[in-house]
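Here is a walk through a protein fold, one piece at a time. Keep the structure open beside the text and turn it as you read.

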Amino acid sequence: MGLLGVVLPSRCAGCGVPGAALCEKCLTGLVRIAPPVCERCGCPGAWPVRRCVECAGRRLAFARARGAVVYDAHARPLVSAWKERGRRDLAGVFASVVDEVVMRPDADVVTFVPGDRERGRERGHLPARQLGRALGALWGLPATPLLVRAAGSRRQAGLPRAERRKNVRGAFAARSEAPPRVVLVDDVYTTGATASACATALRRAGARRVDVVCLARAVR
Ligand SMILES: [Zn+2]
Ligand SMILES: [Zn+2]
C-alpha cells in the first residue's frame, strides 16, 4: 500500500475517542425530537397542534418544517465541528440520524440552503449541501441546487431575532425553475426565517409545496 493508501485514524468529533466520526455515546447523546410536535414548524410540545406559540401568526412560506435533534449544549459543538471545523465525515452520520427521526416527505427533489459567500473558509464545504445530497441518496430523490444567495445579503449569525427576519427577506433567489414538491435541507433551524425566505424563492420559481428538513432545531 502506497502513501496515498494510508488512512488516518478517525476520532469522535465529540469526545475525541479514536474510531468513528461520532462514537456511540456521543451519537446517543443527541436528543431526538419525538412527537408530539407542531404540525407546521416541528416545535416539540405537550400536544400535537397545527400552530404553536412559535409559529402562530407568522407568514411562513413552507408547508412544514421538521428537525431531527434538539440544538442543545451537546449538539452545538458537534454541529460546529461539522460546519466550522471542516469535519465533513460527520455528514453521513447526521444524514442517518435525520433519516431515523424525520419521515421522508413526498417530493420530487431535494435542495438545500445555499452557502454564505462572505465566509471564505466555507468555500467548497457546504454542510447543507452535503446533508441534502446524503439525504437525497437515502430517500431516492435527486439533490439539485435550486437556490442562490442574492447579492448583498448579510450573515444571519449574530443578529438579533427581529433583525434576522428582516435580513433574510429577499436574500435568496431561484437559479432555475423548481419542480412542484421540494424538500429544502438546512443544518440548523433557529427562527425559521431562512427556511421561509428560501421557500418563498422556491415558490416563486414554481414549487407548490416546500417541506423543510433540518438536522438540529432550536427549542426554547
Ligand atoms: Zn464521542
Ligand atoms: Zn409551530
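Val 188 sits in strand β5. Is this residue buried or exposed? Val 188 counts as buried because it has 21 C-beta neighbours inside 10 Å. One residue to find beside it is Leu 215: the two are 27 residues apart in sequence, yet their C-alpha atoms are 6.0 Å apart in space. Once neighbours within four places in sequence are set aside, the contacts of Val 188 are Tyr 71, Val 79, Cys 214, Leu 215 and Ala 216. Please bear in mind that this is a predicted model.

Let us step back to the whole chain. The protein chain contains six helices and six strands, and along the sequence they follow the order α-β-α-α-β-α-β-α-β-β-α-β. Of its 220 residues, 40% count as buried. Among contacts with a separation of 6 or more, 72% are between residues 24 or more positions apart.

Next comes the interior. The largest nonpolar core has 66 residues, and those with the most contacts inside it are Leu 131, Val 182, Leu 184, Cys 198, Leu 202 and Leu 215. Which elements supply at least two residues of this core each? They are β1 (64–70), α2 (75–83), α3 (90–101), β2 (109–112), α4 (127–139), β5 (181–189), α6 (193–204) and β6 (209–217). The largest share, seven residues, comes from α6.

That makes α6 a good helix to look at. At 1.5 Å a residue, its twelve residues should span 16 Å, and the end C-alpha atoms are 17 Å apart, which agrees. Ten of the twelve residues are buried, so α6 is largely enclosed by the rest of the structure. The buried residues are Ala 193, Thr 194, Ala 195, Ser 196, Ala 197, Cys 198, Ala 199, Thr 200, Ala 201 and Leu 202. Just after this helix, Gly 206 takes a positive phi of about 115°.

Now turn to Leu 131, another of the residues with the most contacts inside the core. Leaving aside neighbours within four places in sequence, Leu 131 is in contact with Ala 91, Phe 94, Ala 95, Phe 112, Val 185, Asp 187 and Leu 215. Several of these names will come back in the packing of α3 against α4.

The helix α3 has twelve residues and reaches 17 Å from its first C-alpha to its last, close to the 16 Å expected at 1.5 Å a residue. Its buried residues are Leu 90, Ala 91, Val 93, Phe 94, Ala 95 and Val 98. What covers them includes α1 (24–28), β1, α2, α4 and β6. A general point helps in reading such a list: an α-helix has 3.6 residues a turn, so residues three or four places apart point the same way.

The partner helix, α4, should span 18 Å with its 13 residues at 1.5 Å each, and its end C-alpha atoms are 18 Å apart, which agrees. Within α4, the buried residues are Pro 127, Ala 128, Gln 130, Leu 131, Gly 132, Arg 133, Ala 134, Leu 135 and Gly 136. They pack against α2, α3, β2, β5 and β6.

How do the two helices meet? Two packed helices are described by the angle between their axes and the distance between the axes. The axes of α3 and α4 come within 9 Å and cross at roughly 55°. That angle makes α3 oblique to α4. The crossing of α3 and α4 is right-handed. On the α3 side, Ala 91, Gly 92, Phe 94, Ala 95, Val 98 and Asp 99 meet Gln 130, Leu 131, Ala 134, Leu 135 and Leu 138 of α4.

Follow the chain out of α4 and you come to Gly 140, whose phi is positive, near 65°. Leu 141 belongs to the loop between α4 and β3 (147–149). Even in this loop, Leu 141 counts as buried because it has 20 C-beta neighbours inside 10 Å. Leu 141 and Val 110 are 31 residues apart in sequence and 6.3 Å apart in space, C-alpha to C-alpha. Beyond its neighbours within four places in sequence, Leu 141 is in contact with Ala 107, Val 109, Val 110, Gly 136 and Val 183.

One last stop is a backbone detail. The peptide bond from Pro 35 to Pro 36 is cis, with omega near 5°, and Pro 36 lies in the loop between α1 and β1.

Terms used: Residues are numbered from 1 along each chain as its sequence is written. Chains are lettered from A and ligands numbered from 1 in the order in which they are written. This is a predicted model: local features need pLDDT of at least 70, side-chain atom pairs count only at pLDDT 80 or more; totals for chains, interfaces and linings use all residues. Helices (H or I, at least four residues) and strands (E, at least two) are DSSP runs, numbered from the N terminus. Two residues are in contact if their C-beta atoms, placed from the backbone, lie within 7 Å. A nonpolar core is a set of buried Ala, Val, Leu, Ile, Met, Phe, Trp, Tyr and Cys residues joined through C-beta atoms within 7 Å. The expected span of a helix is 1.5 Å times one less than its number of residues. Axes are lines fitted to C-alpha atoms, for helices over the stretch in contact, and angles run from 0 to 180 degrees between N-to-C directions. Angles under 35 degrees count as roughly parallel, over 145 as roughly antiparallel, 65 to 115 as roughly perpendicular and the rest as oblique. A crossing is left-handed if the near helix is turned anticlockwise from the far one by less than a right angle, and right-handed if clockwise.
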